[in-house]
2 protein chains.
Amino acid sequence: MAEKVTIATVAAHAQVSRQTVSNVLNSPHIVREETRRRVEEAIAALGYRANQAARQMRTGRSHLLAVRIEPTRDGINGSVLDRFLHGLTFAAAAAGYRVMLYTADGDGDEIKTFDDLLASYDLDGFVLTGTDHGDVRTFWLAERDVPFVTFGRPWDAPERHSWVDVDNADGTAQATRRLIETGHRRIAFIGWPAGSGVGDDRRDGWQRTMKAYDLDPAGLDRGASDSIPNGAECARDLLTMPDAPTAFVCASDSLALGALQAAGGRKAVTGFDDTPVAQAVGLTSVSQPLPEAAARCIDLLIHHLDGSPTGTHQVLLQPSLVVRTTA
Amino acid sequence: MAEKVTIATVAAHAQVSRQTVSNVLNSPHIVREETRRRVEEAIAALGYRANQAARQMRTGRSHLLAVRIEPTRDGINGSVLDRFLHGLTFAAAAAGYRVMLYTADGDGDEIKTFDDLLASYDLDGFVLTGTDHGDVRTFWLAERDVPFVTFGRPWDAPERHSWVDVDNADGTAQATRRLIETGHRRIAFIGWPAGSGVGDDRRDGWQRTMKAYDLDPAGLDRGASDSIPNGAECARDLLTMPDAPTAFVCASDSLALGALQAAGGRKAVTGFDDTPVAQAVGLTSVSQPLPEAAARCIDLLIHHLDGSPTGTHQVLLQPSLVVRTTA
DNA sequence: CTTTCGACTTTGAACGTTCAAGACCGTGGA
DNA sequence: TCCACGGTCTTGAACGTTCAAAGTCGAAAG
């Protein structure tokens with residue numbers, strides 16, 4: 001059908017050389033006004049679009065970013081990634097970049113994939129989600145000067161690399177404050193076992209808020225791995241206390257759902273992540289600004305790519321409490 | 001750090017020409033056994049990986065596939081796409097392809113994106129999800145001989161292009177059969193308004209099964225757009241009937257959740273899609289084999305790319321009923 | 001002994017772009 | 001008048017790969 005339109009086609013049509021067309025695209029200021037207009041008209045008339053592969057060969061820049069897509073971890077929280085991905089793709093497109101997906105089985109496999117993607121496709125950068133303590137992946141990438149941004153901060157050394165994160169403590173603080181303001185005094189926290197950065201942060205938010213209101217959090221704290229049954233068990237355990245809690249702040253919607261089941265709907269419960277499940281059952285939950293987080297990730301990444309490679313940058317976003325029927 | 005390893009590096013190391021290395025990679029059979037081994041050793045020793053951009057320039061094949069990522073439609077069903085995407089990425093990687101994401105606002109915008117992706121990145125093919133009746137996108141792609149596969153069949157002309165789909169009717173049939181076998185006789189269907197291929201198909205499965213067991217489906221059928229409140233309203237409406245239903249087969253987990261709320265847990269309910277919400281609340285639901293569907297999409301697409309371009313192929317997969325506490 | 005053939009390998013060119021360097025041209029200072 | 005200069009544009013080369021065509025060599029055929 002349409003013959004392939006290359007820079008040469010445009011050049012011929014506008015009566016200039018290849019390089020001038022290239023200049024119009026990449027350094028418009030060095031081209032004379034009138035020439036530039038003529039070339040731009042030719043580009044529009046012919047529907048020319050630069051071939052990325054050829055450009056990449058010369059410049060070494062692919063305009064491709066990679067993100068890992070994980071096999072829906074626990075079913076409930078999976079859709080967080082979904083929304084984040086959409087935001088990334090959208091923001092990347094606006095900046096002239098495209099998002100490529102990859103899968104991996106564990107960190108070791110992921111590093112092998114990094115290597116492969118970099119060698120084969122010359123990827124410009126990575127967005128990592130779900131970073132661990134002392135994440136090997138970040139060291140591998142940093143060592144090779146591969147630009148990357150993580151969604152989730154490195155808890156051991158906040159300034160080691162650029163990241164975007166949501167203020168988890170503020171999320172549970174908001175939830176706790178809301179419960180206190182609606183009259184609750186005995187407010188329990190159901191979270192994950194101590195040791196995970198995110199989990200500890202969410203616990204902190206609850207604890208600090210309790211203390212700020214002169215409420216004693218002692219004994220009202222439980223930890224278990226993320227699942228509905230575990231949430232239910234923790235809640236049941238808390239309810240057998242002498243001075244049993246009247247409300248539960250939970251570190252995830254899964255745990256919250258368990259608490260909700262155990263409490264039979266008679267207690268106030270808040271979750272975290274505002275997953276579709278929360279929307280479905282009317283669970284009050286802390287919502288992360290995912291589209292904005294994604295956009296900031298792209299911002300930071302592109303800043304690394306285009307701008308000065310000086311230093312790292314951090315962005316901390318505030319979550320918001322979505323109040324529904326359970327609190 | 002590591003100097004760039006090109007085909008020339010490998011050639012020098014193995015004492016052969018560039019072309020021989022290329023042949024080892026692309027047509028090993030025309031290279032002498034011993035030479036091939038030597039080249040392969042050099043490749044391994046140097047960690048060589050073909051540069052896709054350069055390869056693409058010569059061959060016109062990018063080894064890139066594109067999928068649209070949508071802004072989580074209704075919140076509940078969103079995660080279906082998530083799981084499908086993971087399957088696609090995984091299957092594509094196994095076949096030497098990578099998956100690129102794009103977003104679009106409506107079909108018109110999507111076509112503009114097609115154009116852009118094809119011109120800029122030389123995409124090899126597309127996977128489309130959620131096709132409508134007489135989908136403009138499929139015509140546009142077919143007209144330009146761009147390989148594509150849809151997940152979801154074209155209801156007006158099943159053989160117009162290649163597709164992979166799940167047998168929706170079989171899903172609701174399984175659900176209905178299960179309810180009948182557990183003693184229910186008055187089984188209602190809550191679906192979408194007539195006119196959508198998928199929705200009609202799901203209704204058919206229920207209706208046919210009812211008739212197969214000599215049960216009269218008349219009057220037991222409701223339609224509303226997908227949401228929890230709508231599901232609840234349909235269920236309430238059905239429950240006011242003289243000979244009220246004891247069970248509800250629903251076309252989605254959202255509707256099922258509504259029915260569940262309206263029926264107060266006293267009636268049997270089945271949903272569709274086995275979303276995280278269903279898992280969370282114990283809803284019996286029809287599960288689509290998403291990883292397999294994704295793999296088959298990739299199969300078909302690659303068959304179009306590598307093999308003979310003769311004709312189209314169709315794959316219909318069977319869903320399975322995940323029995324939980326609600327039925 | 002020469003020719004032909006086949007198996008294998010190499011060479012030059014090309015894909016579409018941008019970099020580096022050079023060419024052109026009119027202006028202004030010496 | 002001549003030259004240097006800055007602004008503008010053009011030319012050749014290169015990125016890493018594969019295609020097309022040509023080269024090499026030993027063995028079989030004439």
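**Two DNA strands and the protein around them**

Start with a single touch point: in this predicted model, a phosphate oxygen of DNA strand C sits 2.3 Å from an N or O atom in the side chain of Thr35(B). The elements behind the surface near this strand come from both protein chains: α2 (18-26) and α4 (52-59) of chain A, plus α2 (18-26) and α4 (52-59) of chain B, each give two or more residues. Among these, α4(A) puts in the largest share, with 5 residues.

Thr35(B) has company. There are 26 residues around DNA strand C, and the ones that come nearest are Ile7(A), Gln19(A), Ser22(A), Tyr48(A) and Thr35(B) itself. On the DNA side, sugar and phosphate make up 52% of the atoms of strand C that come within 4 Å of the protein. Ile7(A) uses its backbone here, with a polar backbone atom 2.4 Å from a phosphate oxygen of DNA strand C. A base gets involved too: one of the base oxygens of DNA strand C lies 2.9 Å from a side-chain N or O atom of Arg18(B). Sorted by class, the surface near DNA strand C is a mix of 8 nonpolar, 10 polar and 8 charged residues.

Now for the other strand. Around DNA strand D there are 26 residues, of which Thr35(A), Ile7(B), Gln19(B), Ser22(B) and Tyr48(B) come nearest. Sugar and phosphate again turn up, accounting for 52% of the strand D atoms that come within 4 Å of the protein. Several chain B side chains reach phosphate oxygens of this strand. For Tyr48(B), a side-chain N or O atom is 2.5 Å from a phosphate oxygen of DNA strand D. For Asn26(B), the corresponding distance is 2.9 Å, and a polar side-chain atom of Lys4(B) lies 3.4 Å from a phosphate oxygen of DNA strand D.

As for where the surface near DNA strand D comes from, α2 and α4 of chain A and α2 and α4 of chain B each supply at least two residues. The largest share here belongs to α4(B), which gives 5 residues. The class tally for the surface near DNA strand D reads 8 nonpolar, 10 polar and 8 charged.

Turning to the protein itself, α2(A) also packs against a neighbor within its own chain. The axes of helix α1 (residues 7-14) of chain A and α2(A) come within 8 Å and cross at roughly 100°. With angles of 65 to 115 degrees counted as roughly perpendicular, α1(A) and α2(A) are therefore roughly perpendicular to each other. At this crossing, Ile7(A), Val10(A) and Ala11(A) from α1(A) meet Arg18(A), Val21(A) and Ser22(A) from α2(A). The contact is made up of 4 nonpolar, 1 polar and 1 charged residues. Two of the names are familiar from the DNA side, since Ile7(A) and Ser22(A) are also among the residues that come nearest to DNA strand C.

Charged pairs are worth a look as well. Over all chains, a search of the whole structure turns up 50 salt bridges. One of them links Arg36(B) with Glu33(B), whose closest N and O atoms are 3.7 Å apart. Both residues belong to helix α3 (residues 33-46) of chain B, where Arg36(B) and Glu33(B) are 3 residues apart, about one turn of the helix.

Technical notes:
Residues numbered from 1 in each chain as written. Chains lettered and ligands numbered in written order. Predicted model: local features only at pLDDT ≥ 70, side-chain atom pairs only at ≥ 80, totals over all residues. Heavy atoms only, no water. Near = heavy atom within 4 Å. Polar contact = N/O pair within 3.5 Å; in protein donor to acceptor, adjacent residues only side chain to side chain. Helix = DSSP H or I, 4+ residues; strand = E, 2+ residues; numbered from the N terminus. Nonpolar A, V, L, I, M, F, W, Y, C, P; charged D, E, K, R; others polar. Axes fitted to C-alpha atoms, helices over the stretch in contact; angles between N-to-C directions. Parallel < 35°, antiparallel > 145°, perpendicular 65-115°, else oblique. Contact = heavy atoms within 4.5 Å. Salt bridge = Lys/Arg side-chain N within 4 Å of Asp/Glu carboxyl O.
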